[in-house]
Amino acid sequence: MDSETSNKIEETVLELLKSSNLDEVSELKIRKMASEKLGLDLSDSTRKKLVRQVVEKFLAEEQAKSEANAEEEEEEEEEEEEEEEEGAPEYDDDGNLIVCRLSHKRRVTITDFRGKTLVSIREYYNKDGKELPTAKGISLTAEQWATFKKNIPGIEKAIKKLESSS
């Protein structure tokens with residue numbers, strides 16, 4: 001069989017495989033459809049063998065893609081689970097929400113003090129296995145926090161200016 005005919009058979013078989021429901025089609029059906037489309041008799045042993053090789057190669061590639069996709073999905077699920085675990089709210093011993101840990105000793109918490117919500121940026125120390133707040137830090141009311149937050153761009157600009165001059 002010449003290479004041009006072989007290439008045409010291979011292209012046609014691949015085209016049919018890509019457009020077919022692989023759960024419903026068989027190698028025999030693909031061979032018959034390719035035979036009709038090409039106007040060639042594909043029932044001789046050499047052409048049957050070529051069709052079988054193309055089908056097997058295609059199926060192996062599809063299986064490899066499927067396995068790779070399954071692995072990717074599994075990795076994505078694991079990452080999502082990790083993110084959910086990391087994203088789970090953390091509370092201190094007094095039930096205050098820990099927004100973030102700035103360092104081993106410093107953290108930002110949301111507390112309720114005498115009916116007022118406060119944003120606290122504070123240092124902590126360990127005593128008898130408990131993390132306790134020190135006097136070093138600041139607690140801002142919601143109004144003070146809003147003012148501070150509004151001025152963050154100016155603070156960042158000043159920091160960049162200082163860093164660039166040193």
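R47 forms a salt bridge with D44, with the closest N and O atoms 3.8 Å apart; the term denotes a side-chain nitrogen of Lys or Arg within 4 Å of a carboxyl oxygen of Asp or Glu. D44 is partly exposed, its relative accessible area being 31%. Here buried stands for under 20% relative accessible area, exposed for over 50%, and partly exposed for values in between (1.4 Å probe, protein chains only).

The model is predicted: local features require pLDDT of at least 70 and side-chain atom pairs count only at pLDDT 80 or more, while totals for chains, interfaces and linings use all residues. Residues are numbered from 1 along each chain as its sequence is written, and side-chain values use heavy atoms, with hydrogens and water left out.

**Salt bridges**

Over the whole structure, a search finds nine salt bridges. Three of them are tabulated below with their N to O distances.

| Salt bridge | N to O distance |
|---|---|
| R47 and D44 | 3.8 Å |
| E4 and K8 | 3.7 Å |
| R106 and E123 | 2.8 Å |

The partners E4 and K8 lie four residues apart in helix 1, which places about one helical turn between them. E4 counts as exposed at 53% relative accessibility, and K8 as partly exposed at 43%.

The side chains of R106 and E123 also meet in a salt bridge. R106 belongs to strand 3 (residues 106–113) and E123 to strand 4 (residues 116–127), so this pair ties together parts 17 residues apart in sequence. Helices (H or I, at least four residues) and strands (E, at least two) are DSSP runs numbered from the N terminus. R106 is partly exposed, with a relative accessible area of 44%, whereas E123 is buried at 19%. In addition, salt bridges with shared partners join E90, R101, R107 and E131 into one network.

**Helix 1**

Helix 1 comprises 17 residues (3–19); at 1.5 Å a residue it should span 24 Å, and its end C-alpha atoms are indeed 24 Å apart. The expected span is 1.5 Å times one less than the number of residues. The buried residues of helix 1 are T5, S6, I9, T12, V13, L16 and L17. Viewed down the axis of helix 1, these buried residues fall within an arc of 135 degrees, so they line one face of the helix; the arc is taken over the directions from the helix axis to the C-beta atoms. An α-helix has 3.6 residues a turn, so residues three or four places apart point the same way. On the face turned away from the buried side of helix 1 are the exposed residues S3, E4, E11, K18 and S19.

At the start of helix 1, a side-chain oxygen of D2 comes to within 3.1 Å of the backbone nitrogen of E4. Among the buried residues of this helix, T5 has a relative accessible area of 16%. Not counting residues up to four places away in sequence, T5 touches L40 and R47, where contact means heavy atoms within 4.5 Å.

**Helices 2 and 3**

R31 is located in helix 2 (residues 27–38). Although buried, R31 has no salt bridge, and the nearest side chain of opposite charge, that of E27, is 4.5 Å away. For this purpose Lys and Arg count as positive and Asp and Glu as negative, while His and the chain ends are not counted. Residues up to four places away in sequence being left out, R31 touches L42, S43, K48 and V51.

F58 lies in helix 3 and is buried, with a relative accessible area of 6%. Apart from neighbours within four places in sequence, F58 is in contact with L14, L17, K18 and L22. The C-alpha atoms of F58 and E71 are 20 Å apart in space, the two residues being 13 residues apart in sequence.

T46 is also assigned to helix 3 (residues 45–87). T46 is partly exposed, with a relative accessible area of 46%. From T46 to L132 the separation is 86 residues in sequence and 81 Å in space, C-alpha to C-alpha.

**Loops with positive phi**

R114 occupies the loop between strand 3 and strand 4. Its phi is near 55 degrees, a positive value in a residue other than glycine, and R114 is exposed, with a relative accessible area of 76%. D128 sits in the loop between strand 4 and strand 5 (130–141). D128 likewise has a positive phi, of about 55 degrees, although it is not a glycine; at 75% relative accessibility, D128 counts as exposed.

Conventions:
Polar contact = N/O pair within 3.5 Å; in protein donor to acceptor, adjacent residues only side chain to side chain.
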